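User: Please take a close look at the salt bridges in this structure. I would like to know which side chains pair and which parts of the chain they connect.

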Amino acid sequence: MSTSAAEHLSPAFPERAAWGTAGKLRAWQAGALQRYLETNPRDFLAVATPGAGKTTFALRLATELLGRGIVDSVTIVAPTEHLKTQWADAAARVGIQIDPKFTNRQVDEASDYHGVALTYQGVASNPEVHRIRTLRTRTLVILDEVHHGGDNKSWGDALRVAFEGATRRVCLTGTPFRSDTSPIPFVRYEHDAAGIRRSASDYAYGYAEALADGVVRPVLFLAYGGNMRWRTRAGDEIAARLGTPMTKDAVAGAWRTALDPNGAWIPSVLQAADKRLSEVRRHVPDAGGLVIASNQTAARAYARTLEAITGSKPTVVLSDDLGASSRIEDFAKSDERWMVAVRMVSEGVDVPRLCVGVYATSTSTPLFFAQAVGRFVRARKRGETASVFLPTVPIILEHAARLEEQRDHALDRPSRPGESPEDAMWSEEEGLLTAANREEKASGDLLDDGSFEALESEAEFDHVLFDAEQFGMGFEVSTEDEQEYLGLPGLLEPDQVSKLLRQRQDKLVKSGRKRRDDEPVAAHRALANQRKELNGLVAQYARKSGQPHAVIHNDLRQQCGGPTLDRASSEQVSARIELIRRWFVGRR
């Protein structure tokens with residue numbers, strides 16, 4: 001074990017450090033280490049954006065504590081099996097030998113090792129084994145992506161049982177916020193000005209700071225919308241344009257239709273992403289791409305589409321495949337173009353050559369999105385820019401626009417009017433939590449219950465989002481304009497990217513080509529589409545209110561006037577659509 005080796009450890013594994021950082025700790029790593037050694041705490045939470053080098057910081061600290069005789073062994077807890085091996089390889093570079101194959105049946109590791117690497121699930125399955133191990137020697141516990149400790153109550157309880165007796169605990173995360181209010185073990189919570197308990201980090205290094213330091217890449221988001229058509233449980237056919245204002249159910253339906261492997265949206269977006277990857281590889285020859293899918297069936301289908309586009313089979317990584325870890329490692333070391341995965345590579349996995357991504361998943365939580373985008377931001381040299389292709393879905397675009405914000409995990413819900421913060425803090429209203437989780441499922445995972453059928457989809461380039469600014473939004477972007485965006489050079493400084501995007505925006509403004517969503521079509525087709533849209537909205541409102549379809553149609557007709565739907569004019573149908581949209585937001 002070598003403190004000197006740790007000092008000269010590359011901040012990113014397995015590739016070399018980012019520009020200007022080789023041969024020394026990054027400034028934030030040195031600052032966090034100094035703060036730890038000055039305060040000498042038992043628990044320490046380091047929050048650093050994905051790609052900043054949390055592994056290096058933790059291992060550098062481990063060599064200090066081992067070298068000073070403060071601890072005798074190290075236990076690392078990571079989210080996945082693959083990350084255990086990744087940690088063990090990184091630790092070996094500084095002389096700390098970690099056993100990533102340790103199982104609960106062993107009780108103790110071989111004398112060749114300084115410690116073990118575990119998963120959160122492994123700890124939860126038998127916390128008593130790890131409690132005994134932890135108490136047997138003075139142990140440093142490194143909890144990687146510690147927010148997983150709040151995944152469910154049993155996991156949190158197991159971590160407390162296993163590691164309450166640890167000599168030192170270091171918690172690491174790139175995304176401390178969670179979508180729920182489950183407390184994270186060994187994390188300190190403090191009250192903010194509103195009386196809400198939020199996670200308190202001992203050292204924080206956000207994406208905005210890392211971007212300014214050149215530690216991470218800037219991200220260019222390319223949003224794609226298009227016309228979608230699907231059939232609901234009630235048998236209604238709905239047509240809508242992904243990216244236009246609509247109800248949450250309609251957004252979910254359009255989103256699912258876009259991600260359907262049998263439609264035209266996915267192949268078009270994958271082709272655009274591959275073109276972007278080709279441009280990036282002109283300047284970054286080993287640049288790779290990653291498609292994140294919602295499930296294994298979709299992942300395999302996307303892989304077949306990519307093979308048809310590129311002529312070569314992409315690497316497919318599925319979490320339940322025995323060879324998943326080795327495939328990730330092989331891809332990281334190769335110059336292959338594409339990898340397709342479900343969730344396994346969304347967090348922590350280090351493939352620094354990933355430069356282009358396709359967010360082809362229906363998961364919408366901010367934590368998952370931040371971790372997924374984190375796979376593309378690991379800078380290796382100056383000028384590298386990440387490109388991520390997104391569906392034009394409001395919640396996903398909001399996550400992209402807020403990428404630079406630093407957020408903490410809140411344990412409490414804001415107080416209701418007339419309720420004290422203390423009352424709100426300790427109230428555990430299961431009904432509200434269940435409703436929140438159900439809403440997250442509806443708008444996030446979009447689980448297939450057999451009642452939905454995607455009928456038709458098409459992809460259309462919408463706009464670019466860079467540095468929280470939108471370029472091309474509201475304009476009719478031609479194929480030529482899209483190609484210009486896809487053809488941005490692969491090596492550019494952030495200010496150069498902004499300059500080129502503004503030049504293209506000025507060109508669009510001068511062209512006067514405002515987007516028109518009402519392209520001339522035959523009157524009968526336009527009216528048929530309106531009636532379909534109204535029928536779809538009525539069906540959704542019927543499910544929400546419990547009223548029969550006929551009653552809702554009659555109410556709309558009475559308030560807006562005009563004949564029955566089969567004889568109503570385009571203007572009359574539009575008025576009814578506008579009215580029922582107001583009903584959805586409580587303006588009835």
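Analyst: Across the whole of this predicted model, a search finds 22 salt bridges. Some of these belong to a network in which Arg229, Arg231, Glu237, Glu453, Glu456 and Lys532 are linked. Within that network, arginine 229 pairs with glutamate 237, their closest N and O atoms lying 2.9 Å apart. Arginine 229 is partly exposed, its relative accessible area being 23%, and glutamate 237 is likewise partly exposed, at 25%.

Arginine 229 also forms a salt bridge with glutamate 456, and here the closest N and O atoms are 3.0 Å apart. Because glutamate 456 lies in strand S17 (residues 453–457) while arginine 229 lies in strand S10 (residues 219–231), this pair ties together parts of the chain that are 227 residues apart in sequence. Glutamate 456 itself is partly exposed, with a relative accessible area of 46%.

Elsewhere, a salt bridge joins the side chains of arginine 380 and aspartate 286, with an N to O distance of 2.8 Å. This pair, too, links distant parts of the chain, since arginine 380 sits in the loop between helix H13 (366–373) and strand S16 (386–391), whereas aspartate 286 sits in the loop between helix H10 (265–281) and strand S12 (288–293), 94 residues apart. The two partners fall into separate classes of accessibility: arginine 380 is buried, with a relative accessible area of 9%, while aspartate 286 counts as partly exposed at 23%.

Methods: Residues are numbered from 1 along each chain as its sequence is written. This is a predicted model: local features need pLDDT of at least 70, side-chain atom pairs count only at pLDDT 80 or more; totals for chains, interfaces and linings use all residues. Side-chain values use heavy atoms; hydrogens and water are left out. A salt bridge is a side-chain nitrogen of Lys or Arg within 4 Å of a carboxyl oxygen of Asp or Glu. Buried means under 20% relative accessible area, exposed over 50%, partly exposed in between (1.4 Å probe, protein chains only). Helices (H or I, at least four residues) and strands (E, at least two) are DSSP runs, numbered from the N terminus.
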